[in-house]
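Visitor: I'd like to go through this one with you, a piece at a time. Could you put it up?

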Amino acid sequence: MKFVIQRVTEAKCEVNQEVTGQIGLGFCVLIGIAESDDEAIADKMIKKLLGMRIFSDENGKTNLSLHDVRGALLLISQFTLYADCRKGNRPSFIKAGNPTLASHLYEYIIEQCKKEIPTVETGIFGADMKISLVNDGPFTIVLDSEELT
């Protein structure tokens, strides 16, 4: 599982020119799910995401979490995070989770995050989404479940 976490001052997802999710201060998170992922891996990733201290405190140090700043989440499914570009110029996506698994885990992540964060907005799984955001910093972190201990 991969999360691309972007600290934002605002972010929005549109599908067919309709807003499906919009937040102010918080994280826009692109979520890639592999065929080998499960709820236990999702739980580890969620814990790491929600504990991430990348907002500035009163001294300008990145010391505050999403909870501390009362931030929101915009969660976007993105299978292209599992693109394999080693051969040729057309990426392969064979490592991405099948749509049934990926959709289930995406919905699971949303529900678990809603238990901790008051504002959780989303895209639409499998849709052609247009994401706009203001990356604050810019501050972007890639979490890969294969690198978590």
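Visitor: Where is the place of Arg70?

Guide: Arg70 sits in the loop that runs between strand S5 (62-65) and strand S6 (72-77), where helices (H or I, at least four residues) and strands (E, at least two) are DSSP runs numbered from the N terminus. Before going on, note that this is a predicted model, in which local features need pLDDT of at least 70 and side-chain atom pairs count only at pLDDT 80 or more, while totals for chains, interfaces and linings use all residues. Residues are numbered from 1 along each chain as its sequence is written, and side-chain values use heavy atoms, with hydrogens and water left out.

Visitor: And is Arg70 buried or exposed?

Guide: Arg70 is exposed, its relative accessible area being 77%; here buried means under 20% relative accessible area, exposed over 50%, and partly exposed in between, with a 1.4 Å probe and protein chains only. Its backbone deserves a look too, since phi of Arg70 is near 55°, a positive value in a residue other than glycine.

Visitor: Which loop residue other than glycine also has a positive phi, near 50°?

Guide: That is Asn16, with phi near 50°, and it belongs to the loop between strand S1 (2-15) and strand S2 (18-23). Asn16 is exposed, at a relative accessible area of 70%. As background, most residues other than glycine have a negative phi, and most peptide bonds are trans.

Visitor: Speaking of peptide bonds, which one is cis here?

Guide: The bond from Gly137 to Pro138 is cis, with omega near -5°, and Pro138 is placed in strand S8.

Visitor: Let's step back. What is the order of elements along the chain?

Guide: There are two helices and eight strands, and from the N terminus on they follow one another as β-β-β-α-β-β-β-α-β-β. The radius of gyration of the chain is 15 Å, close to the 15 Å that the globule rule gives for 149 residues, so the chain is as compact as a globular protein of that length; that radius is taken over C-alpha atoms, and the rule is 2.2 Å times the number of residues to the power 0.38. Along its principal axes the C-alpha trace spans about 45 × 40 × 30 Å.

Visitor: How much of the chain counts as buried?

Guide: Of the 149 residues, 41% count as buried. Taking contact to mean heavy atoms within 4.5 Å, 73% of the contacts between residues at least 6 apart in sequence join residues at least 24 apart.

Visitor: What's a good buried residue to look at, say at 0%?

Guide: Gly26 is buried with a relative accessible area of 0%, and it lies in strand S3 (residues 26-32). Leaving aside residues up to four places away in sequence, Gly26 touches Gln6, Arg7, Val8, Phe55, Leu66, Gly71 and Ala72.

Visitor: Arg7 is on that list, so which residue does Arg7 form a salt bridge with?

Guide: Arg7 pairs with Asp136, the closest N and O atoms being 3.4 Å apart; a salt bridge here is a side-chain nitrogen of Lys or Arg within 4 Å of a carboxyl oxygen of Asp or Glu. Arg7 lies in strand S1 and Asp136 in strand S8, so the pair ties together parts that are 129 residues apart in sequence. Arg7 counts as buried at 8% relative accessibility, whereas Asp136, at 26%, counts as partly exposed.

Visitor: How many salt bridges in the count?

Guide: The count comes to four. Among them, Glu14 and Lys12 have their closest N and O atoms 4.0 Å apart, and Asp128 meets Lys130 at 3.3 Å, N to O. Glu14 counts as partly exposed at 23% relative accessibility, and Asp128 is exposed at 57%.

Visitor: Last one: which buried residue has no salt bridge, with Lys2 4.3 Å away?

Guide: That is Asp144, which is buried yet has no salt bridge, Lys2 being the nearest side chain of opposite charge (Lys and Arg count as positive and Asp and Glu as negative, with His and the chain ends not counted). Asp144 is part of strand S8 (residues 129-144), and, residues up to four places away in sequence aside, it touches Met1, Lys2 and Met45.
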